[in-house]
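Me: I am new to this structure and would like to go through part of it by question and answer.

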Amino acid sequence: MKTFFAAMALLMLAVCSPAQTTVTPPISEVAGKVGHGSFTVMNTALAPIFVTLEARSFSVDKQGNPTYRPLDQTVHLSLDGMSVRLGPKQQRTFFYTVKCDTKPCAFTVYNTFTAGHTDEGMQVAIHLPATVYFCDKMKDCRQDTLMAMGYDTRKK
Amino acid sequence: MRKLLFIFALLLTPAARGQVFQLTGGSSTTYNAVGGGVTMWLPGSATQVGAGYADGHFVAGASTHFLFQGWDIFAGDHQQSITAGAGSVAAPIRGLTASKKTKHQAFLIFAGAAGDLFSAPYFTSMTTNHFGTGYQYTATFGGVELDSLGAIIGARKSELESATWKQKHFNLAGTTGLLQNQFLLNGTAGIFTKYISLNGARQDYIFQGEKSTVENIGAGFNAGALSANASQFRGVADGNRTSGWTTGAGYQLWDGAVGLRGMYFRSAFGASETFSVSERVTPRLRIVENVTQQKGNFTIDGGGTYVGNRFTATVDWQEYFMPDLVGRSPFERALTASVTFNVRNAGATLATLLTPNGRIKYTAYADTYVNGPLGGSVPGQQAPRTGRYTVALLVVDPHGDPVAGATVYVGKELCITDTLGTCLMRFHSTKPLPVLVVCSEFGTPGRWAASAENPVTTAPSSDPAYVKITVNRQ
């Protein structure tokens with residue numbers, strides 16, 4: 001009986017282990033009149049996964065904690081795809097173009113990774129962000145954007 | 001016996017689920033080899049088998065990599081490369097390699113038949129002709145790393161002791177001892193600040209019993225858009241001394257959209273200058289133009305990089321310092337070009353190398369991933385879509401609530417809905433496309449069925465309204 005439970009535990013660990021996924025770069029700074037950039041999602045696991053993208057605006061409190069909300073109307077983001085199905089060890093680069101009515105601005109693209117279909121039970125999703133800071137000048141772009149939101153990174 | 005079979009079947013289930021094979025094959029005049037291989041990715045282990053012809057001889061190899069009670073184990077053919085501070089020993093081994101790490105210590109041992117490992121991007125194999133064994137022990141404390149490594153490969157003995165000291169603004173590393181029966185003394189030192197870096201190194205290189213030494217000192221300056229560097233090299237190979245120095249500066253305009261770079265190379269055989277301009281034409285495409293002057297002769301060449309999901313292409317010139325060159329400038333310029341294609345689960349790469357003596361070498365290989373017989377189908381990466389016309393979908397249940405993770409084919413392309421139940425796809429034309437809801441692949445748990453009233457076709461447009469699709473959870 002002990003060996004049975006040990007085998008069951010091993011089985012559960014093997015089945016429930018989270019999918020291995022990466023997003024690079026997690027933080028980008030872009031500058032100019034129109035911002036161009038890209039990020040890459042990768043499935044390093046052996047099972048195929050679905051990835052869906054959702055762009056969100058965010059604000060930061062004085063302690064640096066972000067609060068997410070739907071993408072602001074003032075941020076005009078164009079992605080070359082909103083979802084992808086990745087086979088084992090595959091990756092996909094998403095290119096984007098962004099314009100903001102007021103700068104500096106920032107947004108996060110949440111990449112939601114889910115694996116397979118199940119008729120019953122629970123679906124585990126992993127949400128990995130790719131955050132973009134968009135300014136007139138590249139220098140200190142992230143710092144300036146967070147400062148405009150009321151968070152001074154130098155006071156950390 | 002039944003219990004054992006039951007437990008084995010239970011453990012095999014996730015193994016079959018994660019069973020993936022990577023098939024590779026290729027040919028190369030750079031490596032002078034043709035061959036192929038299979039890598040089997042299973043939960044907890046990866047096994048590789050390869051075979052082919054290298055230098056006109058049939059060669060084959062196999063290896064497996066797994067964890068066993070905290071030990072990281074390679075069994076079979078493995079290129080054991082042990083690095084200690086500023087020195088390293090390469091030991092191709094057909095046998096066992098085991099390593100274990102704790103917070104402050106690491107230990108590695110290997111033993112087996114040693115010889116020459118052949119490794120190309122598309123297969124790995126080995127020929128053996130003598131016995132080899134070795135170890136490495138590493139201890140770290142307070143930013144200091146001490147290494148001791150020893151190896152006996154055939155008649156060649158190596159015994160190196162090394163110390164590395166790393167801090168935020170500087171590092172220091174020294175290695176001494178015997179490498180392949182020859183005395184070795186290597187050292188590197190570096191100081192780094194926000195804007196300035198200084199470094200110096202002395203490296204002994206021993207290859208097939210021949211020793212060459214390269215000493216260099218260098219300085220770098222980096223202040224955002226402006227960067228500059230200078231290095232001096234001295235080399236000794238086979239009793240011949242050679243030296244050279246190089247300096248350069250670069251400037252980035254318009255947040256990196258245009259880059260300017262100038263380099264100057266000087267040796268006893270003359271000087272050469274290279275001036276480069278690189279432009280970011282689009283986010284995916286960057287091109288480079290080079291003007292080179294050597295002994296009064298001007299050469300203009302160029303290159304560039306295109307990065308996309310369907311294919312990636314690179315053409316590049318590299319400058320190498322080669323101390324083995326006798327009676328001529330030790331700086332050599334070589335052209336490399338490569339193209340990689342991705343189609344579904346398969347990828348193909350073609351790379352060429354124009355050597356300094358003007359000969360073209362090439363490498364071509366392809367690989368693909370397939371599932372094992374028990375693993376089901378492996379969906380490939382869908383082709384990336386661009387275009388000015390779009391299709392927008394909204395998938396809801398009968399109450400009007402959004403359904404996340406719904407999978408809908410529009411034409412041949414798959415769209416997966418986000419948490420708002422929406423997804424967007426791009427197309428090049430307004431041609432009507434069939435719409436197919438694939439309930440068996442939904443990311444949201446449950447048994448789903450599509451409503452019979454859903455649209456069967458849709459046409460992309462430049463200002464699309466959401467195409468509403470209703471699905472029921474049964």
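Reply: Some notes on the model come before the questions. This is a predicted model, in which local features need pLDDT of at least 70, side-chain atom pairs count only at pLDDT 80 or more, and totals for chains, interfaces and linings use all residues. Residues are numbered from 1 along each chain as its sequence is written, chains are lettered from A and ligands numbered from 1 in the order in which they are written, and side-chain values use heavy atoms, without hydrogens and water.

Me: Which element of chain B has the lowest mean pLDDT?

Reply: pLDDT is the predictor's confidence in each residue, from 0 to 100. Chain B averages 83. Strand β12 (residues 182-192) of chain B has the highest mean among its elements, 92. The lowest, 44, belongs to helix α1 (residues 2-17) of chain B.

Me: Which strands of the open sheet in chain B stand at the edges, and why is one side of each left without a neighbour?

Reply: Strands are DSSP runs of E, at least two residues long, numbered from the N terminus, and two of them pair if DSSP finds at least two bridges between them. The order in chain B is β27-β26-β29-β31, with antiparallel pairing. One side of each edge strand has no neighbour in the sheet because each has a single partner strand; these are β27 and β31 of chain B.

Me: Which residue of β29(B) does B:Y409 stand opposite?

Reply: Strand β26 (residues 407-410) of chain B pairs with β27(B) over 4 bridges, where the partner of B:Y409 is B:L414. Another 3 bridges join β26(B) to β29(B). In β29(B), the residue opposite B:Y409 is B:L436.
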